[in-house]
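Morning, everyone. I'll talk about charged side chains and how they pair. Please have a look at the model first.

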Amino acid sequence: MMSPTPLCLAIAAALSCPAAAFAQSNQPDDKGKAQDKPVQKVEVKGSASTYDPRRDDTASKTVLSAEEIRKYGDDNIFDVLKRAPGVTVTDKSIKMRGLGAGYTQILVNGDRPPPGFSLDALTPDQIERIEVIRAASAEYSMQAIAGTINIVLRKVVSKPQRDLRLNATRSPLQRSGTMGGTWGDKVGTLSYFVNGSLFGGHNEFHSRGADQLSLPDGTLAQSRLTRYDGGGAYRGGVLFPRLNWKIDADNELNVSAGLQASSHAWSGFSHNENLAGSFGNPDWIDMPGRTSGDQWMMRGEIGWVAKVAGGKLDVSLAGERSRDENDNDTDYYSAGRAHHLLRDWDTVYRPRRMSFRGKFARSLFDGHALVTGIDASRQRNEDSRDRIDQQDGAPATHVVEAYQPQVTRLAGYVQDEWNITQQWSMYLGGRWEGVETESAGTGVAETTSRSHVLSPVAQTLYKFPDKSGRQLRLALTRTYKAPTVDQLTARRYLSALNTRFAPDSSGNPGLKPELANGVDVAFEQYWTDGAMVSLRGTQRLISDYIRTRLDLDPDGRWIYRPLNDGDARVHSLEAEVKLPLRVLNQAAAGFDMRASVTRNWSEVSTVPGPDNRLDGQTPMSANVGLDYRRDRLTFGASMAYQQGGWVRVSDAQIRHAHTRRDVDAYAAWKLDPHLQLRFTLNNILGMDGESESVYEDAGGLSRQASWQQGATRVGVNLELKM
């Protein structure tokens with residue numbers, strides 16, 4: 001038996017480990033034989049890390065864990081996010097500070113979703129966490145005037161993981177089913193992870209509308225009621241495999257892929273009942289239609305992570321390709337079927353993208369953590385539209401149009417997070433982004449649009465001493481909102497019924513990006529057991545505001561066009577609280593309460609008041625939830641509130657959104673350590689969707705109202721861990 005070295009004895013003593021005594025007790029005795037002493041059991045306990053990204057990161061963000069994401073048994077990401085603090089979801093538009101339509105940046109694994117990637121097909125069990133980033137970060141794109149939501153997909157596992165989830169939901173308007181699972185393991189230096197799901201279902205849609213036009217003298221010139229009833233089936237699958245190879249202590253290789261595929265087939269019937277006047281010549285009354293489509297997306301990425309020059313280098317190369325093909329057939333009939341128009345409209349959307357990302361991170365002297373990197377991508381779309389119109393037996397009109405927009409992006413950034421003292425940290429960063437959009441197509445002039453933005457950002461976090469849990473945050477940002485490819489393309493979409501209620505639409509190649517200077521201030525208080533309260537105020541000053549205006553063109557057709565029009569100011573106040581009720585009364589142990597409320601204001605300089613807010617902004621939103629956990633039973637409920645109201649889009653146009661109250665509930669029963677049954681209720685109040693718009697000019701006052709039926713949805717989930 002070898003004698004213990006001095007180093008071993010020193011380490012053992014430092015850890016209060018009896019290893020030294022054990023070693024000495026096993027020294028040979030005088031007869032050269034080891035003494036037989038009992039082996040002492042050594043148990044070393046270390047407390048788990050208390051790191052909380054919400055509390056400890058200098059950059060302000062809220063993180064939703066996998067447990068929170070799957071708590072209510074949701075089958076889509078939109079239902080998950082409607083319960084996130086400071087986030088509102090309207091018609092699958094995700095908003096922060098009440099602003100959607102490009103003001104809120106949506107990322108997947110820190111990058112823009114690839115072309116053809118559908119958030120609809122992303123099930124909650126495929127998500128590791130969701131980061132709600134309120135102030136900008138130089139590492140991500142600065143196209144985040146309202147904020148950023150980063151969806152992080154589940155990655156490589158460190159231990160074997162096998163689970164299966166079955167979900168079924170039903171309502172008077174919907175029935176659906178999902179089967180998904182995860183298979184992950186580690187073999188030597190290789191680890192792999194596969195997550196996938198299959199889904200299918202049937203949806204029904206029932207909506208009603210009313211349009212009317214009153215002349216300046218009050219005469220009712222046009223009035224009609226619209227009814228639409230339809231539905232159809234859908235199905236699809238999602239697969240996300242990932243492989244990690246730990247080459248050595250300094251190098252690792254990551255390979256990942258993604259595949260989404262789905263199809264749908266819908267049919268419906270629309271009927272207009274004219275009460276006064278005519279809405280066209282011919283005036284189409286009945287419109288039965290059918291549509292079917294297939295979509296798929298594939299993505300591959302290879303990444304290398306290496307320890308070099310005292311830091312970590314992370315580079316990745318990704319490629320994506322997708323196809324979205326739709327076939328739409330609609331019959332238009334006038335009163336008594338005197339006239340008939342058959343429109344067969346086929347569209348094919350084929351985007352592809354290549355992207356490169358590189359990041360180098362290194363800790364420097366005096367607590368500095370420096371990160372610098374570059375992002376580059378090129379996306380090219382091949383869009384085609386094949387339209388055949390045939391009216392009243394006349395020869396068919398065949399129009400084939402093709403568009404080839406191309407978007408090239410290049411960005412570079414640097415950021416430094418500096419722990420000045422134990423209580424005070426500072427984040428400084430800057431990002432330069434350039435975008436070039438080229439557009440060419442049938443019947444439109446070839447155009448090129450270039451823009452670039454330099455965006456500095458500074459954030460600081462101060463924690464009050466003596467572990468009081470109180471802290472202050474301040475952020476200064478410069479962000480922007482770039483025009484979309486459709487907004488920059490001069491192509492025109494024609495409406496079969498061209499009225500002020502159903503106009504054409506077109507882009508504007510001369511659009512410039514919106515720029516915003518922002519400030520965020522927050523106070524946070526954290527207590528034990530996860531209790532916290534947060535108060536936050538923000539402001540954004542926007543220049544070159546882009547709005548969409550309804551006009552009558554020289555040819556006498558109504559058209560929607562985007563344009564840069566003046567400046568805008570956005571400010572908001574947000575409060576959030578999380579409270580385990582046992583803090584107030586031990587009898588309430590097991591109950592956890594959370595609540596948040598956000599009040600938003602905005603003003604557009606070129607639009608007269610009142611209500612001259614940014615188009616679509618939610619004035620106020622709130623979330624409140626209560627959860628209870630005891631033994632193997634967990635249940636809870638939540639309500640997401642969105643205040644409606646009027647918004648003046650221009651001096652002639654205003655829109656109204658109705659208030660929504662979405663109440664959800666769940667109950668989960670853990671049958672054994674490997675099996676859990678979950679019941680869910682969504683939209684318990686059966687809220688419908690409603691909206692209204694008004695347009696007034698020298699020709700008169702027009703009103704349009706719409707209503708879509710909603711329904712309570714019941715779901716059951718079976719979760720099996722193997």
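D57, K61, E128, R129 and E131 form a network joined by salt bridges. Keep in mind that this is a predicted model. Across the whole structure, a search turns up 52 salt bridges. As a general point, side chains carrying opposite charges can pair when their charged atoms come close.

I'll go through three individual pairs.

The first topic is D520 with R97. Their side chains form a salt bridge, with N to O at 3.3 Å. Where do the two residues sit? D520 is in strand 23, residues 514-526, while R97 is in the loop between strand 3 (93-96) and strand 4 (104-108), so this salt bridge ties together parts that are 423 residues apart in sequence. Buried or exposed? Both D520 and R97 are buried.

Next, E382 and R350. Here the salt bridge has an N to O distance of 3.6 Å. E382 belongs to strand 15, residues 368-391, and R350 to strand 14, residues 340-363; the pair is 32 residues apart and links distant parts of the chain. E382 has 26% relative accessibility, so it counts as partly exposed. R350, with a relative accessible area of 28%, is partly exposed.

Then R492 and D504. Their closest N and O atoms are 3.2 Å apart, in a salt bridge. Because R492 lies in strand 21 (residues 492-493) and D504 in strand 22 (residues 504-506), the pair ties together parts 12 residues apart in sequence. Burial is split here: R492 is partly exposed at 24% relative accessibility, whereas D504 is buried at 0%.

That's it from me. Thanks.

Note on methods. Residues numbered from 1 in each chain as written. Predicted model: local features only at pLDDT ≥ 70, side-chain atom pairs only at ≥ 80, totals over all residues. Heavy atoms only, no water. Salt bridge = Lys/Arg side-chain N within 4 Å of Asp/Glu carboxyl O. Helix = DSSP H or I, 4+ residues; strand = E, 2+ residues; numbered from the N terminus. Buried < 20%, exposed > 50% of the residue type's maximum accessible area, 1.4 Å probe, protein only.
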